[in-house]
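Hi,

Here is the structure I promised to pass on. Have a look at it first, and then read my notes underneath.

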Amino acid sequence: MSQLTAIKQCNITDTEFLTDVLSGLAQQQKTLPCKYFYDDKGAALFEQITSLKEYYVTRTELAILEDYSKAIANMLPENLSIIEPGCGSGKKVAYLLAHMSNVNTFVPFEISSEMLNYSLAHLSPLFPELSISPLLGDFTHSQMVKQLTKDTSLDSQTNLVYFPGSTLGNFAPVKAIEIMNNFHRLCGVNGYVLIGIDLVKERQVLLDAYNDKAGITAAFNKNLLQRINNELNGTFDLDNFSHESRFNEQHSRIEMHLVSKCDQSVVINNQRVDFIKGESIHTENSHKYTLESFKQLAGQANLNLERTWQDDSNYFALCLLRPQ
Ligand SMILES: C[S@@+](CC[C@H](N)C(=O)[O-])C[C@H]1O[C@@H](n2cnc3c(N)ncnc32)[C@H](O)[C@@H]1O
């Protein structure tokens, strides 16, 4: 087995979920943060989504990794440490690790303990020599870099921050820049950032990817309400909400919503939240970029786009960035 250290908890508090839920539902456009999708049921549903016919995202990125992970690894120096925020199943980093020698440490960094454990179970038998320092934490936290470096023995000069899965697309531009700024600091002056982004494409392909025929994405979206029921004493009736995916042209993003089918009230930890028929809770954004729009965005975090690798249909891109 690999040299696996115990999971450290870095920056999540017990009360944060309740605070985030109540403040999101108090806004005029009700929202819930997508970082809470991944309890055990949500993690399992996401794994199902990744193999759906409509959900081109995962299989396309995996195909790029199959074709180019060796070329990507060849551009990276030896003795790097790798940090993977939102590592999920850990399947993608395995492609890179297979072609890299002398990796100092791998730091999977997850908000979901289920996902973190899943990635450890997958990676540690595959890479018996690899030192793994797992961290349970929130990569959107403003103190993320300080907390992460305190809890690990990372080199401050040369790290690789690996951020696949188009997770960056979940964030509006201001937050995406803040996150990339943190990656910039985390990778160090001689370091690298490798980000997977979903590219602009035909609208129906996008809408279908987030609204599959089998209803798995709908179940994934609604599970957020079930999680609130389970963990925060909520009274959501899941049958009273329907799942919708919408394309927001102005912001070049897919939005996921849960639409109230009737006028209704829900209680969460003794606080009442009212819904009128047709009102929605906005649960997720997934921004779609062009290579140019992404280059501009990364530039605002002082990261230079050095190389990209894409699939033949130009659906998805892996982008290698370096500090300016
Ligand atoms: C879209 S999935 C991508 C998973 C994996 N990186 C991949 O490419 O298949 C997003 C992952 O990021 C994690 N995540 C979401 N928000 C997070 C946050 N704020 N901090 C840490 N992890 C987060 C989720 O638990 C989930 O495993």
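Below is what I found, starting with the ligand.

A quick caveat: this is a predicted model, so local features need pLDDT of at least 70 and side-chain atom pairs count only at pLDDT 80 or more, while totals for chains, interfaces and linings use all residues. Numbering runs from 1 along each chain as its sequence is written, and side-chain values use heavy atoms, with hydrogens and water left out.

The ligand is surrounded by 18 residues (a heavy atom within 4 Å of it), and the closest are Gly86, Lys92, Glu110, Asp138 and Phe139. That shell divides into seven nonpolar, seven polar and four charged residues (Ala, Val, Leu, Ile, Met, Phe, Trp, Tyr, Cys and Pro are nonpolar; Asp, Glu, Lys and Arg charged; the others, Gly among them, polar).

For polar contacts (N or O pairs within 3.5 Å), a polar side-chain atom of Lys92 sits 2.7 Å from a ligand oxygen. A ligand nitrogen is 2.7 Å from a side-chain N or O atom of Asp138, and a ligand nitrogen is 3.2 Å from a polar backbone atom of Ile111. On its own the ligand has 590 Å² of accessible area, and the protein covers 95% of that (Shrake-Rupley method, 1.4 Å probe).

Away from the ligand, look at Ser142. It lies in the loop between β7 (135-136) and α6 (144-151) (DSSP runs numbered from the N terminus: helices H or I, at least four residues; strands E, at least two). Not counting residues up to four places away in sequence, Ser142 touches Glu178 and Asn182 (heavy atoms within 4.5 Å). Its C-alpha is 8.7 Å from that of Ile179, 37 residues apart along the chain.

Cheers

Notes: Polar contact = N/O pair within 3.5 Å; in protein donor to acceptor, adjacent residues only side chain to side chain.
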